[in-house]
Structures are given as C-alpha cells and as structure tokens.
Amino acid sequence: MSEYEHLASGNETPTQADESASTIRRLGPTFRPTHPVALAPVTAPAHTLDGFVREFLHELSMGVGVPLARSSVNDQYIALASTVRKYLMARWLETTRRVRESKTKTVAYLSAEYLLGRQLGNALLATDLEGIAKQAMEACGLDYETLRAQEVEPGLGNGGLGRLAACFIDSLATIGIPSIGYGIRYEYGIFRQTFVDGRQVEQPDNWLELGAPWEFPHPEAAVEVGFAGHTEAYRDGNGRERTRWVPGWSVLGEPCNYMVPGYQNGRVNTLRLWRARAKRAFDLEQFNAGDYVEAVRAQTFAENITKVLYPEDSTPQGKELRLQQQYFFVACSIRDFIVNMLEDGCDLHHLPERVVFQMNDTHPVVAIPELLRILVDEHGWEWDDAWATTRRCFAYTCHTLLPEALEVWPAELFARLLPRHYEIIDRINSEFLDGLRATYPGDEAKVRAMSIITDGPIKAIRMAYLATVVGTKVNGVAELHSQLLRDKVFHDFAALWPDKFTNVTNGVTPRRFVQLANPRLGDLITDALGVGWLTDLGRLTELEPYAEDPEFRERFAVIKARNKRHLAARLKARDGIELPLENMLDVMVKRLHEYKRQSLKLLHIVSLYERIKTGKLALTDVTPRTFIFGAKAAPGYRVAKQTIHLMNQVAATINADASLEGRLKVFFPPNYNVTLAERVIPAADLSEQISLAGKEASGTGNMKFALSGALTIGTLDGANVEIREQVGADNFFLFGMTEPEVEALAASGYRPRDCYESDADLKAAVDLIASGAFSGDDPEPARAIVANLLDDDRFMALADFRAYLDAQAEVDAAYADQDNWVRKAVLNVARAGYFSSDRSIRDYLSRVWHATPLV
C-alpha cells in the first residue's frame, strides 16, 4: 500500500497538535480564557504538494468521516475547503491577537448585505495555493474544477450594495487595516430565480443545504437582544433619575465567523454574521402534552428574524420583521465590539480612538441609539458624555438618490418595537431642532424640513437624517452622486455642515474580478507588467503602450474569444442556452428597477427586430448581436416583474425566428449571481449602463466590465462620468440627457406620448409590443408596460430613445473595425485602475476613518 493509499483508507488518527488546533478553532478568535491555557501553537501546513495531499486526505477521513474511495463530490469539496481553511487559521488567529494587543483603531463595517461569491478560489488565490491544490487533487484522482463547481455561493445580498461590502472587506484585509465586518447570517439568502412561462418565480435559496465549511459558529458567545416591552423611570444608587428598558421578549444572536484573507500578505480579518435563535427553543411540557407546534413556536418565531434576506415588506408584518432584522444585527454587533474586541477595562470614553462604525446605507443606523442606550442606561453615563462619544464613532455612506429608498420608519412601529430607542431618537431630534432654531431664528419651515421625526398626524423617523445629524462624515459613492447629495438630497444639512460631506467613489476588488474571473487576462497583464499590479491597480496605466502593439492586441482578442467559449459552455450546461460565438456580446446585468431602464434596452431590441421584419433595415446590414440580460425583481415590485416577463416573451419570439439567421439572439439566464457574473463579464464586448442621469448612485458593474475590456454605452450618471473621464471620450459611447436637462424636462411637464408621436421608430417599436406580437396567449405584461411608458415613463426612457439608437449606430460602426475595437478595449483596461476597491478604502482612510494599517 502506497503512502497516499494508506492515508486515503481512513486509518490515520489525530495527533495531539491536531486536537489542540481543533480546540482553538472551536473557541475561535473571540475566546478569552480566564486562566492560561496550554495549547500547541497553530501553524499552517507546509506549502508542498505532499503536505497538501496529507491534509486533504486527513480532513476527508477524520473531518468528513469517509475514505476517499467512498466519498461523494460534496464530501471531497468539504474536505478541500477545510484543508484550505487550515492554511488560513494560524494567520487568522495571529491577526486577531495582534489587533487586540496593538489597541489601534478598528473599522467596524456594518452592512445588512454581503454578496461574497464562492470562497474556495478566493482563499486559494490569497494563500497562493491554487497550483498546489490542483496538483494535489490530480494526485488523488480528482478534478479540481469539479470540486470548485460544487460550492454554493452564499446569496447574502441583493446586488451592488452587498457586493461592494464584500469588495471592501477584501481590500481592508489586503491593505492590512484592522477591521471587522458585521452583518446577518440569513438562512435563506436572495431568492433563487426561476422562470415559469417567462414569469419570475422565487424559490428559496437554500445555500446551507450541503454544508458551510467556511463558517465558524459560536453558540457559546450568543448575545441576548430584546424587543418591545416598555421603559420605566427609577433612581440609581446615587439618587440620579434614570431610565431602564424592560423588553417584552428577547432572542439570542449567535455569531458565525468567516475568514477574510488579505492577498498574500499574511493578514486574515473577520466577517461576523449573526443568526437568531430562541432563548428556549423547545418546550418539552408542551411536546409531551401533544402540542407539537406550540412546543417549537418560540424557536420558529426567533429564527424568522434571520430566515430570509429582505422579507417582502408590503404588509405590516413584513415591515416589522425588517426592523427586527436591522436592530438585531446592530445590537449584537455593538455589544460584541465592546465586549470582545476591546481589552478588559477599556475606558469607553476613548471609544472614538478605537473604532469607527461605518454604516453601509441606512439599514444599520439604529446602531446610533443603541450605542447611546448602552452608554447611558447600562454604563450609567450622563447624556452629554454619551452624546459626545457616540457622535464621534459613526460615519454614513448613502447609496441612493431616490427619495423612496431613503429609509423611513413609522414612528408608531418603531416606538412599539424599540421603545427606549424611540425615546433616545426623540431626544436627539429635540436637541437638534433647538440648535436649528438658534441658527435659523424664525425659519420654522426649515426646522420642520430638517427634523429627524416628521411632523404631522402620522409621524415617521427619517433614518438618513439621523445618520447625517450624528455621523462624523456623510459620503456619496461617485462624484456626481456626492454633488447631488449636497445640492439636493441633503441640501440643508450640507449648508449647515459643509465639511461633513465628502465623496468616496466606489471600486471593485481586482483579485476576484480580474485574476479569479478573468485569469487569462490577469496572466497577460502580469506578462506585460510583472507582479504587484493586483495590489496597485494604478499600474494598469503601464499597459497603454501595448494598445498600439499588434501582437498584444491579438493575444487580448484571443482571450476574449476564449472567455466567450467558456461562457457558452457554462450557459449550455446550466440553462440549455446555445450562445453564438461570432456575435457581439451586448450585456445588461443589474437589479431590475425602472430607473436602470431595462425597458430602454428592450425598446432597442424590439426596434431592431421591427426594422428588420418590415424591410427598413437589411439583414446583411445588421451587426450580429447577442443580448444577455441578468436581473432579479423584488418579489413585490409588480412593474419590474412584468418587465421580466415581457423580456422573456421578446427573447422567445426573436430566438425562434429563423429568418434572422442568428444575427439577433436574446438570452435571459435565470438567477444571475456572482458566480455567473464571473463568466459573463469577462466575455462581454459591450456594457450597458443606461440609467437616467441623476438616478444611479455609482454602479460597480460598469467598473467590472471596463476592467475586463468591455466598452461602455452609457449616460452621464453615477460612476459612468468618472469612467468616461478615465478611459477617454473616444472609448465610451455616450448618449442621453444630462442631470440638469432631466430636471428641466421634468419641470416643464414631461409628456412621453409626445416622444412616441414624434419618432417613427419609437412608435413602431411600442406599437409592435402593444399589438401582442410577442405576447402569445398572455398580453397582460405588454399592455402594462406600454401603458406605463406612454402615460408615466417616470425615468424618461422614451425621451432618451433616439439618442440611444444613435449611440448604438456608433457602436455598430466601431465594432466593424475589429482591430480598433480591441485597441479601445485594451485602453479601457489600462485606464480603469482608478476603480479598485483598494483605492476606495484608501480614500475612506484619509477622508473618513483616519485609521492606519497594522504594522
């Protein structure tokens, strides 16, 4: 029997060092022994093929509990993930120890979403182990790619917000900033999208079904979180009048830790996600009495809090559950930081020197009254001291310009669910308004406009206003977005506190979205520039001379073609889609919302089809194009779901029309996620970023496409403005109204029917949809969309239609010159280095957080 065969047989036994390491893993980085504990030091296995194979077979037999010969693919994946995890463990524990001992300022990133993507490839890249892992699996007779494909990504986010959070914690670890991410460990993430007769149908996203090898649960470190109840006044031991909160019910928050490795720098930070469970999960007396449902009612009730990402909130119950989620995770997080991240006896008056809580949008803003409550009610501080400390601990990132997306909670609901927190917010607001009246005497209209709590018969709490009043900084996420926040959304606040507002343009991690998603492009860049660019993306400018190198352009084009073949193979296996390899790949992938204007893209496709079918456009003059959509609509968003249905109806009609000879194809693969994005983005030729100017905060998909060599067609909206400035106007297809022009048109009284009547191509496209040509036996989506466009068109798709068609004609002309197109694509990559999330984090460090790397 060979050495590997002996290990694979399952006869190996754990060593004492293994048992010690297991103890440390079980207790995790928050473990604080009350007495010295003698444990063998945890060291990473050797970076050798032999060492990796040994660790893998050991994990398979002793961890999963099966020998290699009888293991399933999932067993093998779990063992591989556990092996890679072991290489990170020592670094993780050492990073945690050094952060605690250094007492340096920590960034605590509060986000309701983290759209992480698959973890295996990222961990192997961070540890420089991918080559060894592939060889090790081959030595064991296994296929690495099969095991990698077994991983189910945790869908703990809805789109750009969650993916941005994941990019940021990656960059924080890579730069070496002491940080911890806090969020919610949803049992079911963003729903799994399926299509039934073209309609979106939501299925539960059971991402935990086959195990979670990257997760470290710590039930022993659970935090109690209260809800509802009442407050009562009392006098403390010093005779001071105080207030206590008496919750009506409570749950436990159990931390689940994930490692966040920096790129090949030995640093591993922590992402701590909280799941809810009952204090008393099982009532044996009720069970024995035969009431089996009542016996587990408390468990079901508690676990609902973290059951689903963004429960549908069109009902009062849904709204309350969302507020429960938000308070639950920040209550757990604030207490965890104070108890576990600070040394015993730390003077909380120095808390602003030890932490900045970065609020990723308004979901975590209830953390502000929670910290005040802890300081005043639990630590016995006077209000003024607690207020002075709290207002130096928080910063707020706003991710929207849409009024309806600025979170507002009914005061009645908030006061009922969190009575003490409502009192605290009411006091903050009262003192804030007193200050406003002193600053603006006699201007009661301004005071009411800036109030955190709205006036009127139905009061509501404006969470963005609370974050703005308390936060040290408020930032937008692109230059235009930040300017509009100052000028419009928070105009009065910016006038009062002009230095409080700043900009940090978003970015994406090049580790995942270049090297992992597009490894051949990454290797080509390394061939040209050498190593180091993955942590210094500004070096991509050194690629500019290569845009004039025919050999480099040829290699670049070959990589793009190969990426298309890989995407075609994936879509064929995943969805049965036959992707033409010779067509331009025109891609629009983003959350389905009216302001993102998937409807405008659809009108372009229908117009092309109509002009071909009526003979206005010769088929031979049509640039062969394949359109790919990827989008999920919120379950309660009727117009968005109707748009998806119509898109699928149009796709079915065009794809079945043999007279087109394959020159137009439309595909909408369901359940677009990070894993599919990593295939779609590297293959794309054209990136559709066509939101109405002044409505998109930033976008990050636009950055990912540019970094992968797709050219952008877009409006001057969000980060498109900066992308165009960086890559050059000649390498960007611009169309549409500017933000001031949008505002002027709205003010003058926009009539979408006027656009419809005055543009023959637009009228023909809309009429074709209205005729039922794509609807078959279900004309309702077409009727609804047409009525919405002609009678409302809130986001002015019809107003921008002609400019969009003209820009698409420019795309066709440019694409006809393939060599020059590739040159433009190379320049897009070379000039997109600014859009690294590493640069974003450095901007936060200098403009907002004022934290430093751990030396």
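This report walks through a predicted model of a protein chain, from its overall build down to a few single residues.

## The big picture

Let's start with the whole chain. It holds 36 helices and 24 strands. Its radius of gyration is 28 Å, close to the 29 Å that the globule rule gives for 855 residues, so the chain is as compact as a globular protein of that length. If you lay the C-alpha trace along its principal axes, it spans about 90 × 85 × 65 Å.

How much of the chain is tucked away? Of the 855 residues, 59% count as buried. Now look at who touches whom: among contacts with a separation of 6 or more, 77% are between residues 24 or more positions apart.

## Two nonpolar cores

The largest nonpolar core has 157 residues. Phe52, Phe56, Phe328, Phe414, Ile428 and Phe490 are the ones with the most contacts inside it. Helix 12, residues 316-341, gives the most to this core, with twelve residues. There is also a second, separate core of 104 residues, and Leu540, Leu600, Leu608 and Val666 are among its members.

Phe328 is a good residue to zoom in on. Setting aside its neighbours within four places in sequence, its contacts include Val225, Phe227, Trp274, Arg275 and Ile305.

## A strand on the inside

Strand 4 covers residues 179-184, and six of its six residues are buried, so this strand is largely enclosed by the rest of the structure. Its residues point in two directions: Ser179, Gly181 and Gly183 go one way, while Ile180, Tyr182 and Ile184 go the other.

What does strand 4 pair with? One partner is strand 1 (residues 106-110), which runs parallel to strand 4 and is joined to it by four bridges. Here Ala108 stands opposite Ile180. Another partner is strand 12 (residues 268-277), paired with strand 4 in the parallel sense over five bridges. In that pairing, Tyr182 has Arg272 as its bridge partner. As background, strands of a sheet pair through backbone hydrogen bonds, either parallel or antiparallel.

## A six-stranded sheet

Further along the chain, you'll find an open sheet of six strands in the order 21-20-19-22-23-24, with parallel pairing. Strand 21 (664-667) and strand 24 (732-734) are the edge strands, each pairing on one side only. On average, neighbouring strands of this sheet are turned by 20 degrees against each other, ignoring direction.

At one edge, strand 21 pairs with strand 20 (residues 625-630) in the parallel sense over four bridges. Arg625 stands opposite Leu664 there. Leu664 and Val666 point one way from strand 21, Lys665 and Phe667 point the other way, and all of them are buried. Val666 also turns up in the second core. At the other edge, strand 23 (residues 711-714) and strand 24 are parallel partners over three bridges, with Gly714 opposite Leu734. Helix 35, residues 818-830, lies across strands 22, 23 and 24 and runs at about 85 degrees to strand 23.

## Ser698, a serine out of sight

Where does Ser698 sit? Look in the loop between strand 22 (686-689) and helix 28 (701-707). Is this residue buried or exposed? Ser698 has 1% relative accessibility, so it counts as buried, the cut-off being under 20%.

The side chain of Ser698 makes a polar contact, at 3.5 Å, with the side chain of Asn506. Beyond residues up to four places away in sequence, Ser698 touches Val477, Ala478, Asn506, Met703, Gly718 and Ala719.

## Helix 32 and its surroundings

Our last stop is helix 32, residues 760-770, where Asp761, Leu762, Ala764, Ala765, Val766 and Ile769 are buried. What do the buried residues of helix 32 pack against? They meet helix 25 (598-613), helix 26 (638-655), helix 31 (752-758), helix 33 (780-791) and helix 34 (801-816).

Both ends of helix 32 are worth a look. Asp759 caps the N-terminal end: one of its side-chain oxygens lies 3.0 Å from the backbone nitrogen of Asp761. After helix 32 comes Gly772, which has a positive phi, near 90 degrees.

Notes: Residues are numbered from 1 along each chain as its sequence is written. This is a predicted model: local features need pLDDT of at least 70, side-chain atom pairs count only at pLDDT 80 or more; totals for chains, interfaces and linings use all residues. Side-chain values use heavy atoms; hydrogens and water are left out. Buried means under 20% relative accessible area, exposed over 50%, partly exposed in between (1.4 Å probe, protein chains only). A polar contact is a pair of N or O atoms within 3.5 Å; within protein, one must be able to donate a hydrogen and the other to accept it, and residues adjacent in sequence count only if both atoms are side-chain atoms. Contact means heavy atoms within 4.5 Å. A nonpolar core is a set of buried Ala, Val, Leu, Ile, Met, Phe, Trp, Tyr and Cys residues joined through side-chain atoms within 4.5 Å. Two strands pair if DSSP finds at least two bridges between them. Axes are lines fitted to C-alpha atoms, for helices over the stretch in contact, and angles run from 0 to 180 degrees between N-to-C directions. The radius of gyration is taken over C-alpha atoms; the globule rule is 2.2 Å times the number of residues to the power 0.38.
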